[in-house]
Amino acid sequence: MKIFSTTQIHELDKYTIEHEPIRSIDLMERAAKAVTQVITKEWDQTTPVVVFAGPGNNGGDALAVARLLAEQGYQVSVYLFNIHDKLSDDCAANKKRLAESKRLKEFIEVSRDFDPPRLESGMLVVDGLFGSGLNKPLAGGFASLVKYINQSHAKVVSIDIPSGLMTDDNTYNIRANIIKADLTLTFQQKKLSMMLTDCQQYLGELRVLDIRLSQEYIRETDARYSIQEENQLRAILRPRNDFAHKGQMGHALIIAGSYGMTGAAILATKACLRSGVGKVTVRTPKRNYAIMQMAVPEAVLQMDHEETCFSEALDAHDYDALGIGPGIGTHENTAIALIAQIRRAQCPIVLDADALNILANHRAWMQQLPKGIIMTPHPAEFDRINGGASNDCYDRLSKARDLATHLGAYIILKGHYSVLCLPDGHVIFNPSGNSGMATAGCGDVLAGIITGLLARGYKQAEACQLGMYLHGLAGDLAIRDIGKESLIASDIIHYLPKAFLRLED
C-alpha cells in the first residue's frame, strides 16, 4: 500500500473526479456514506451526535455525515465554523443540503462568538474541522475547541485524520492542539503520520475506508513511502528445490556473544538456522563453547582466541552472509576486530546491537562501510550512530532515510512499525508484529533471520523486507496461543516455521 504526500492526496482526488468521471460533490457523498455506515454499526440511534465542521472539504464531509445520520433517526447537532465567511464549494453545497433536511435537531453556523455545547459521556462527537490539507498548528479558538473536546468524556470519531494532526511532518506541531480521537476513519490509504509512534495517541482505532479513488493513479504514481503487503512478499519467496543439498542453501557466519551474553548468540544463531540457510558458523569467545554446543548443536562453532570477547577478524571468503553484533560488547579490542571484519568481508553484512554501538563510538568508521550494508538499529541506537537525539519520530525517520541514501545502506529502524530505508530514498513500513515483542532478544532474532535469508540467496532489499515481515508474523502467530504478556524472543523463533508456512500457502 502506497502512502501519498499531502499534495499527492489532493491530486488523487482530482484525478478520480476527472477520470472516473464523478462530480466532486458526489465523491464527497460517497465518502460520507462510508463514514456513516461505520458510525451506524458502532452506535445506535439513542446516541446523541454532535458534529463539528470546518470551512473546507473535511467540513463538507462532516455536514454530509450529519445529514445522513439525521435521515436515519439520529439526534444530530451541527456546528459549522465559518469564521472568515468563506466555505469551500462542496462544503457550501452540503450546507445547503443540510439546511433542507427536516430531521436535524440543531444547526448553528459560527461566525464570531461560540458557546460550546455540553459534551457528556454517552455522546458522540464527529470531528470534521480540518483534514489532510492542514499545514500549520491550530491556534486561537480552534485550539481551544480541540482542548475542550479532548477533556470531555464523549467518544470522538475523526473523519480522515484527527483535526490538528498534519499528514506528514508534525515535528513543530503543537501537540496539545490535536484532537485525540477514539476512532479515525481515513480514506483509501493511511497517511504517513499514522505510521509514526508518537502520533498514535491521536488516532485511537484506525480504519481505512475504500471510497474507490482511482486505482490507475494509485498504481502509476510513485510514492516515497509504502506499507508492504503479504502478497508482495509471497512473490519474492524462493522455492526450495526438491533435490537441493545444504551446500546450495548458503553458509552464514554469525559473530555474536561475549562472556555473559551468550544468549544473544544463541538467539541469533537459532533464528538464522530457522530461516532456511544450509549451514551456520558461529564465531564466539572460548568461554561460550559448552553452552553453544548444547544450545545449538546444528551450528558449527568457530571459537575466538580470547576467553570473553570477540577480538580477531577471520577470513570470510567462504561465507555467503555475515551477521555481526548481538551481545559482542564494546571493548576496544572488539571494536578494532569489528572494523577489520567489515573490511575483510566480501559478502552481504548485517550490523546489529553492539556493532552499531561501536560505530556510534567511532563515527569516522561509518565512511568505511561497504555499499549495501544492512543496519538494524532501534531508535536509541540510531540516534547514537547519527550523532544526536531526534526531535520526534518523523525527524528520526528523515535522518534514517538521508543516512541510508548517503551510505548506500539499508537501514531498518525497529519499532511497532519497523521501517526499511532503502539506498534510493524509498521507505517501506512493515505492518506485522505486536507489542508483545517489546522484550529483550527480539532484535537478535531479527538480525539472525535477515542473515539467514541473505545466505539463502535473497538480495538485500528482499532479505530486509521478508525478514521484517516474517519476524513480526511469527510474533503475531505466537500471541494467538500464548498472549502478549508472556511472549519471549525464543517464541518468535519457535513460530518462524508457521510464518513460513503461512507465506508459502
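**Cysteine 393.** I started with this residue in the predicted model and asked which cysteine sulfur is closest to that of cysteine 393. I found it in cysteine 199, 7.2 Å away, and that is too far for a bond. A disulfide needs two cysteine sulfur atoms within 2.5 Å, so this pair does not qualify. I then looked up whether cysteine 393 is buried or exposed. Its relative accessibility is 18%, and because buried means under 20%, cysteine 393 counts as buried.

**Disulfides overall.** Next I searched the whole structure and got 0 disulfides. Cysteine 464 fits that result, as it is in no disulfide. Its nearest cysteine sulfur belongs to cysteine 421 and lies 11 Å off. I also noted a relative accessible area of 0% for cysteine 464, which is buried.

**The whole protein.** How many of the residues are buried? I read 58% of the 505 residues. For the secondary structure I wrote down 17 helices and 18 strands. The C-alpha trace spans about 85 × 50 × 40 Å along its principal axes.

**Contacts.** I took the contacts between residues at least 6 apart in sequence and checked what share joins residues at least 24 apart. That share is 74%.

**Surface and charge.** My entry for the accessible surface is about 21,800 Å², with 48% of it belonging to carbon and sulfur atoms. Last, I looked at the charges: there are 52 positive and 58 negative ones. Where do their mean positions lie relative to each other? They are 1 Å apart.

Terms used. Residues are numbered from 1 along each chain as its sequence is written. This is a predicted model: local features need pLDDT of at least 70, side-chain atom pairs count only at pLDDT 80 or more; totals for chains, interfaces and linings use all residues. Side-chain values use heavy atoms; hydrogens and water are left out. Helices (H or I, at least four residues) and strands (E, at least two) are DSSP runs, numbered from the N terminus. Buried means under 20% relative accessible area, exposed over 50%, partly exposed in between (1.4 Å probe, protein chains only). Contact means heavy atoms within 4.5 Å. Accessible areas come from the Shrake-Rupley method with a 1.4 Å probe; for residues, only the protein chains shown count as cover. Lys and Arg count as positive and Asp and Glu as negative; His and the chain ends are not counted. The place of a charge is taken as NZ of Lys, CZ of Arg, CG of Asp or CD of Glu.
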